[in-house]
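Please examine the sequence and the structure shown here before reading the explanation.

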Amino acid sequence: MQVAEQTTAQSKLTWSRAIKKVTVLGSGVMGSRIACHFANIGVEVLLLDIVPRELTAKEEAKGLTLEHPAVRNRLVNDSLKAAVKGRPAPLYHKDFASRITTGNFDDDFDKIKDSDWILEAVVERLDIKKQIFEKVDALRKEGSIITSNTSGIPIHMMAEGRSEDFRKHFCGTHFFNPPRYLRLLEIIPGPDTDQGLIDFMMHYGDLFLGKKTVLAKDTPAFIANRVGIFAMAKIFGLIEELDLTIEEVDKLTGPASGKPKTGTFRLSDLVGLDTTFHVLNGIRENCPKDEQRAIFEAPDYVKKMVENRWLGDKTKQGFYKKTKGADGKRVILSLDLKTLEYREKMKVNIPSLKLVKNTTNLSKKLNVLFKAEDKGGEFTRKSSLALWAYVSNRIPEIADDLYQIDDAMCAGFGWDKGAFQTWDMIGLKNTLEMFEAEGLQLASWVHEMVEAGHETFYKVENGKPMYYNIASKSYKAVPGTESLIILENIPKEKKVWSHAEASVLDLGDGVLNVQFHSKMNSIGEGNLKAIHEAINYAEKHNYNGVVIANEAENFSVGANIMLMLMMATQGEWDELNLAVKTFQDTSMRIRYSNVPVIVAPHAMTLGGGCEFTMHSDLAVASAETYIGLVEVGIGIIPGGAGTKEMALRAADIYKDDAVLGINVIQKALMNIATAKVATSAQEAKDLGILRPSDKLVVNRDRRIKEAKEHILAIAEEGYQPKSPRKEIHVLGTNGLATLYAGIAGMQYGHYASQHDALIARKIAYVLCGGDLTGLNNKVSEQYLLDLEREAFLQLAGEKKTMERMQHMLQTGKPLRN
């Protein structure tokens, strides 16, 4: 991400500037990781922290003093080092750490005068923050942005006593941990914050930091934590009221209801119960007019756990505790909230949960749970009604518009849908009479809305999402969505072709989109057919091009393993050969169509999803794309033209240099044989999966719109279809000898099993173009495809390959045998 791009993109704003340098004050968990994320987008960062007051034993042994530079910067350097080494990784690429310069408050504070944005992330104490801001006010350049990453200290209190220019350029920027991965960024203006700055921050956070920016009011805990902690507090009470176990609640508040796998109590262990306890008390003390204030009183079991320091992962035990059984294997124990003693985890046996287990449609799942007559249904009704009533009463206290609350919960807590969205799924009119029975009071605007004939909080008009605006008592477009393409909102009449596994949509302007919607977007016959149908349609009707993209949790987890296993176990080799060839032909169709095809991957993009991406004219990838050729995990090689493509790309690097060729092919072999998955789109470029020309998009919501724009740009320039390659350099037996020797060494050193070695040799065979002799061998793509398919089928017939496939289907994890 280049600074020049920022200036251009922001030129439409009334308050425009380029962010070239950022200072982050405070290098704790949040400060160091926020610094890393700014480095991710190409910004130069100065990270500062306090000077240590005492020497460590190692420093004393070296004869250092408190005045030594290494000592004075020890805290900030150690914090940054720990962050960079941490998991999940805060950087897109380890080399990006070079964009961060460290220093300390005593020696380097005056350097903030060169920064365009100064972000404070010190300890959550108002007195300390005010001291910091007094120094900032004296040294900053006029017009520079100042923000605080506070999670709850009032913005207006931090700005008291500061200059007019400071107050005008000051606001809260509440990142969620970890900053690279959690998408929420709450923007909290103070009473004197310039409106132009607010608009700029909302835009910058969205476009360049990749965040869902939400405008919040300066109220305790802002939006996400206020609502999220209420939901948690309600559940803390319901678990006792309904005599539920923590396992049952975590299942009910996990994917079954559109929430993360952590559920409620596992989430508390991750965050830290002390943090939850602190926020609970803060809201209760600082929100005296909250109608649900009593709920924020922590139950006795929570107080006792905090007293015992059973805080979760940070203290090795919380609601769950990891230990070892008699056989030495890891065992996870659960806390019995009645006895406060740990016990073995209990199986969850709630009928309504079983009914929704295989359902992917969230609306259907919620309706089943909400209407169920078992304890799962009672829990769902009580928790949902309480949440809906609560959010209705938080407008306009914490936000002016309902979509802001939903955006905050989805981006900050990982909910699939926000409170008002799930309320729509159950039906507003269907629930009105239920609130009184639960002793809950809705905000008056809800009743007025229904009386006016409006029965939903959201609706779609002409493919654009609309929300009910309370102030105008009418529906308005959700801000920010005008710059996006949202596939789920595209009118039905724009569907060109459909199948249970995929569909083809008309995006307008002569651009089609192929959308997968099979389970986990695994690739089967319907997905392959959709790609062919889209390209055929585009070519026949003179369309500009095709985008392959979707809005699911992951782009694609790869080919449908179940189908491959069935064909292999039943000995249907002709059918399997045809299936593999169809997969290869689809990748080649993407590459050699008469219209440009762009793939816009995101999140998990594995196996076949990776192969499609590699064969596109251009990839427009989310920065958070975890992509790789992982087929060895089930005992086969990439068979959708992926191994061929790695051989081709390697040849383009080494050309006829055999010595360089060995090194390049060896790298490709290791990446495939170890099922290497890039941890970011940037790393995927290092692995040779994404090309230097491929585009990275920090905000994944913008991928499809940007992909469409690239299609139009290519079409405008005039698209020149390509022809299959016929002269690809391969190393033949000269390369195989070296690679086989290395594979044997790995096996003899017990780094690879016999089956691993067999797979690696098959990969090497394809990458080297088979057993051709001589020094200047050239082959066609089709030749390599035939080698790839032959190796794939040979491995598919191996007993251990079938074992790996079965294990993957049963556990979701690869087996090494």
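The following paragraphs treat two sheets and a helix in turn.

The model is a predicted one. One of its sheets is open and built from 8 strands, whose order is S3-S2-S1-S4-S5-S6-S7-S8. Pairing within this sheet is mixed. At its edges stand strand S3, residues 100-104, and strand S8, residues 212-215, each of which pairs on one side only. From one strand to the next, the twist averages 25 degrees.

Within this sheet, one pairing may be followed residue by residue. Strand S6 (residues 170-175) and strand S7 (residues 184-189) run antiparallel and are joined by 5 bridges. Along this pairing, His 174 of the one strand stands opposite Glu 186 in S7. A helix also meets this part of the sheet: helix H19, residues 402-413, lies across S7 and S8. Its direction makes an angle of about 140 degrees with S8.

A further sheet is formed by 3 strands in the order S12-S13-S14. This sheet is likewise described as open, and its pairing is antiparallel. Why is one side of S12 and of S14 left without a neighbour in the sheet? Strand S12 (458-461) and strand S14 (474-477) stand at the edges and have a single partner strand each, so one side of each remains without a neighbour there. Here the twist from one strand to the next averages 40 degrees.

The pairing of S12 with strand S13, residues 464-469, is antiparallel and extends over 4 bridges. One residue pair can be located directly: Val 460 has Pro 465 in S13 as its bridge partner.

Notes:
Residues numbered from 1 in each chain as written. Predicted model: local features only at pLDDT ≥ 70, side-chain atom pairs only at ≥ 80, totals over all residues. Heavy atoms only, no water. Pairing = 2+ DSSP bridges. Helix = DSSP H or I, 4+ residues; strand = E, 2+ residues; numbered from the N terminus. Axes fitted to C-alpha atoms, helices over the stretch in contact; angles between N-to-C directions. Contact = heavy atoms within 4.5 Å.
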